[in-house]
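User: I would like to learn how to read a protein model feature by feature, starting with the overall picture and then moving to single residues. Could you take me through one, giving the general idea before each case?

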Amino acid sequence: MTDPPATKEAARPDRLPVTIITGFLGSGKTTLLNHILVSRHGLKIAVIVNEIGEIGIDGELIVSAGDGMMELSNGCICCSINNDLVDSIFRVLDRRESVDYLIVETTGLADPLPIILTFLLSEFRDRVRVDSVITLADAENFSLDLSGSLATHNQFRYADAVLLNKCDLVGDHALRTIEKRIHEIKGDARIIRTTRSQVPLRLILGLGSLEADQDRVDGPECWAENAFGHDHDHLSGDGFSAISFGSDQPLSVDEFQSFLDRDLPDGVFRGKGILWLAESDARYVFHLVGKRFSLDETRWNGPRRNRLVLIGRNLDSDRLRRRLEACLAHPP
């Protein structure tokens with residue numbers, strides 16, 4: 001089986017970002033969905049699930065429910081698959097009131113690859129982009145996750161990030177053993193330890209508007225705060241940090257590609273930026289989750305410059321900035 005052609009994408013910049021949440025039965029997928037839906041992220045998020053009734057949303061947040069759709073007071077909606085994922089996607093895309101983000105939860109026994117490929121169909125390619133694939137693993141019952149089926153194996157193989165959940169129920173030695181097993185399936189897997197599926201959302205979702213951020217700030221440090229939100233203290237408390245890079249010189253395509261392919265540290269979970277590439281007159285909106293990245297071509301409305309933010313754990317900020325500086329296309 002070959003990997004899906006989703007490592008690099010380039011299309012319209014207004015495509016709806018999609019996160020696919022997968023994982024074995026009981027790993028905490030629905031708990032993560034509840035965490036996302038009730039968090040104060042300021043976005044209208046659509047969630048496609050198999051059964052709406054399984055999502056335990058506080059009744060006070062529900063505005064209306066019926067016909068396989070549930071609307072929340074914060075602008076989020078939940079839509080049931082009704083045995084046809086494609087129809088459910090169209091129901092979300094063709095709504096009169098648009099949404100900012102789409103999340104699809106798979107069943108515990110599902111292979112995520114067919115769902116990834118669904119979003120690469122010609123009818124969706126210019127309307128959506130796969131932002132991330134997030135896999136949850138049950139630390140307490142991890143032996144069940146590795147049941148030997150191809151589907152559960154692929155849940156880790158195609159993951160951009162793995163949430164090792166229920167870490168409060170097992171010891172550190174057991175957690176290290178589980179992480180080793182996951183790395184046997186995917187050597188560069190990004191693993192985040194969680195309890196009750198609580199995770200900083202900016203590690204797993206591409207939140208925030210890059211289009212507005214660059215226009216209203218002056219320097220890369222300030223822009224980084226806007227691009228990833230104001231949760232740096234929370235990130236630092238969990239051992240994560242955000243590193244920003246800015247330059248008024250263009251990047252070399254070959255050097256930047258080499259950086260992403262060979263030199264990007266395993267500790268980097270997410271990145272985003274506005275890129276100026278020497279080989280093109282276009283402006284590029286850059287999104288990164290794990291090893292998956294997308295480049296959306298737009299037009300420059302102001303001065304050309306690079307603004308990039310990387311977020312991860314145990315990052316050597318000086319080394320990263322030196323490596324990015326080496327990607328600049330210096331004039332002869």
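Analyst: What follows goes from the whole chain to strands, helices, cysteines and a few single residues. Please keep in mind throughout that this is a predicted model.

User: Let us begin with the whole chain. How many helices and strands does the protein chain have, and what share of its residues is buried?

Analyst: A count of elements and a burial figure make a useful first orientation. The protein chain has twelve helices and 15 strands, and buried residues make up 55% of its 332 residues. Of the contacts with a separation of 6 or more, 76% are between residues 24 or more positions apart. The accessible surface comes to about 15000 Å², and carbon and sulfur atoms account for 47% of that surface.

User: How should I read a strand within a sheet, and which strands pair with strand 15?

Analyst: In a regular strand the side chains alternate between the two faces of the sheet. For the case here, strand 15, residues 306-313, has seven of its eight residues buried. Strand 15 pairs with strand 11, residues 240-247, in the antiparallel sense over eight bridges, and Ser-244 has Val-309 as its bridge partner there. Strand 15 also pairs with strand 12, residues 268-276, again in the antiparallel sense but over six bridges, and here Ile-274 has Arg-307 as its bridge partner.

User: And a hairpin: how many residues lie between strand 5 and strand 6?

Analyst: For a hairpin, one can look at the pairing and then at the turn. Strand 5, residues 69-72, and strand 6, residues 77-80, run antiparallel and are joined by three bridges, with Glu-71 standing opposite Ile-77. The hairpin has four residues between the two strands, and Gly-75 in the turn has a positive phi of about 95°.

User: Now the helices. At what angle do the axes of helix 11 and helix 12 cross, and which residues meet?

Analyst: For a helix pair, the axes give the geometry and the residue list gives the chemistry. The axes of helix 11, residues 253-263, and helix 12, residues 317-325, come within 9 Å and cross at roughly 145°. On the helix 11 side, Glu-255, Phe-256, Ser-258, Phe-259 and Asp-263 take part, and they meet Arg-319, Leu-320, Arg-323 and Leu-324 of helix 12. By class, this contact has four nonpolar, one polar and four charged residues.

User: Why is helix 1 described as largely enclosed?

Analyst: Here the reasoning runs through burial. Helix 1, residues 29-38, has eight buried residues out of ten, so it is largely enclosed by the rest of the structure. The buried set consists of Lys-29, Thr-30, Leu-32, Leu-33, Asn-34, His-35, Ile-36 and Leu-37.

User: What about cysteines: why does Cys-78 not form a bond with Cys-76?

Analyst: The test is the distance between sulfur atoms, since a disulfide needs a pair of cysteine sulfurs within 2.5 Å. The closest cysteine sulfur to that of Cys-78 belongs to Cys-76 and is 7.6 Å away, which is too far for a bond. The structure as a whole holds zero disulfides. As for burial, Cys-78 counts as buried at 0% relative accessibility, and Cys-167 counts as buried at 12%.

User: Which backbone angles deserve a second look, and are Lys-166 and Ser-197 buried or partly exposed?

Analyst: A positive phi in a residue other than glycine is a feature to inspect by location and burial. Lys-166 is not a glycine, yet has a positive phi of about 65°; Lys-166 is found in the loop between strand 9 and helix 7, and at 22% relative accessibility it counts as partly exposed, because the limit for buried is under 20%. Ser-197 has a positive phi near 60° and is found in the loop between strand 10 and helix 8, but Ser-197 is buried, with a relative accessible area of 0%.

User: Finally, how do I read residues separated along the chain, and where are Asp-138 and Pro-200?

Analyst: Set the separation along the chain beside the distance in space. Asp-138 is in strand 8, residues 128-138, and counts as buried at 4% relative accessibility; its C-alpha atom is 8.6 Å from that of Leu-25, 113 residues apart along the chain. Pro-200 lies in the loop between strand 10 and helix 8 and counts as buried at 6%; the C-alpha atoms of Pro-200 and Phe-240, 40 residues apart along the chain, are separated by 9.9 Å.

Note on methods: Residues are numbered from 1 along each chain as its sequence is written. This is a predicted model: local features need pLDDT of at least 70, side-chain atom pairs count only at pLDDT 80 or more; totals for chains, interfaces and linings use all residues. Side-chain values use heavy atoms; hydrogens and water are left out. Buried means under 20% relative accessible area, exposed over 50%, partly exposed in between (1.4 Å probe, protein chains only). Two strands pair if DSSP finds at least two bridges between them. Contact means heavy atoms within 4.5 Å. Accessible areas come from the Shrake-Rupley method with a 1.4 Å probe; for residues, only the protein chains shown count as cover. Axes are lines fitted to C-alpha atoms, for helices over the stretch in contact, and angles run from 0 to 180 degrees between N-to-C directions. Ala, Val, Leu, Ile, Met, Phe, Trp, Tyr, Cys and Pro count as nonpolar, Asp, Glu, Lys and Arg as charged, and the others, Gly among them, as polar.
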